[in-house]
Amino acid sequence: SVCSVAVAAVVFDSHGIYSWGWNSSGANGYGEHAECAAIRRANRNRLSKSMIAVAGRRKRNMKVVVAFPCADCQARLIKVGISTVWIQEKSGLWIKVGI
């Protein structure tokens, strides 16, 4: 990513990880969030009942930044059937949250 905070998202279900994405400048140059990139790459038949994990790190010092999907990404996640998000806390622990 060209952003100062690198964010990654991984989509998974009971069978394992099947899609991932990261924040980038996107195809149009205006930016693409990690969650949207992961959804775009995913098998649409598996999205319903899947979960997503989102993690962020500051580029300059590699410290964990709590990264939670923005309102637009939350709406997109709900639209495709994902309602559970795992986020990484500053301590490195993962917590499960609903959207």
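## Cys 36 and the cysteines around it

Is Cys 36 buried or exposed? Cys 36 has a relative accessible area of 13%, and because the cut-off for buried is under 20%, Cys 36 counts as buried. Please keep in mind as you read that this is a predicted model.

A search of the whole structure turns up zero disulfides. Cys 36 is accordingly in no disulfide, and its nearest cysteine sulfur, that of Cys 73, is 3.8 Å away. Cys 73 is in no disulfide either; for this residue the nearest cysteine sulfur belongs to Cys 70, at 3.7 Å. A disulfide needs sulfur atoms within 2.5 Å, so the 3.8 Å between the sulfurs of Cys 36 and Cys 73 does not qualify. Cys 73 is buried too, with a relative accessible area of 1%.

## Helix H1 and its cover

Let's turn to the helix that holds Cys 36. Helix H1 spans residues 34-41 and is mostly covered, with six of its eight residues buried. The buried residues of H1 are Ala 34, Glu 35, Cys 36, Ala 37, Ala 38 and Ile 39.

What lies over them? The cover for the buried residues of H1 includes three strands, S1 (5-13), S2 (16-22) and S3 (51-58). Two helices also contribute, H2 (44-47) and H3 (71-80).

## Two salt bridges

How many salt bridges does the structure hold? There are two. In one of them Asp 13 pairs with Arg 46, and the closest N and O atoms are 2.9 Å apart. This pair ties together distant parts of the chain, since Asp 13 sits in strand S1 and Arg 46 in helix H2, 33 residues apart. Asp 13 is buried, at 15% relative accessible area, while Arg 46 is partly exposed, at 27%.

The other salt bridge joins Glu 32 to Arg 40, with 3.0 Å between the closest N and O atoms. Here, too, the partners fall into separate classes of exposure: Glu 32 counts as buried at 18% relative accessibility, whereas Arg 40 is exposed, with a relative accessible area of 51%.

## More about Asp 13

Asp 13 deserves a second look. Besides its salt bridge with Arg 46, the side chain of Asp 13 reaches the backbone nitrogen of His 15 at 2.9 Å. Leaving out residues up to four places away in sequence, Asp 13 touches Tyr 18, Arg 46 and Ser 50.

## Arg 58 in strand S3

Which residues does Arg 58 contact, leaving aside its neighbours within four places in sequence? They are Ser 4, Val 5, Lys 63 and Val 65. Arg 58 has its place in strand S3, one of the elements that cover the buried residues of H1.

Ala 6 offers another view of this region: Arg 58 and Ala 6 are 52 residues apart in sequence, yet their C-alpha atoms are 6.3 Å apart in space. With a relative accessible area of 29%, Arg 58 is partly exposed.

## A nonpolar surface patch

Finally, a look at the surface. Ile 17, Trp 20 and Trp 22 make up a nonpolar patch there, and together they have about 360 Å² of accessible area. Trp 20 is found in strand S2, another element in the cover of H1. Its relative accessibility is 41%, so Trp 20 counts as partly exposed.

Methods
Residues numbered from 1 in each chain as written. Predicted model: local features only at pLDDT ≥ 70, side-chain atom pairs only at ≥ 80, totals over all residues. Heavy atoms only, no water. Buried < 20%, exposed > 50% of the residue type's maximum accessible area, 1.4 Å probe, protein only. Helix = DSSP H or I, 4+ residues; strand = E, 2+ residues; numbered from the N terminus. Contact = heavy atoms within 4.5 Å. Patch = residues over 30% accessible without salt bridge, like charges linked within 9 Å, V, L, I, M, F, W, Y side chains within 5 Å. Areas by Shrake-Rupley, 256 points an atom, 1.4 Å probe, with all protein chains shown as cover. Salt bridge = Lys/Arg side-chain N within 4 Å of Asp/Glu carboxyl O. Polar contact = N/O pair within 3.5 Å; in protein donor to acceptor, adjacent residues only side chain to side chain.
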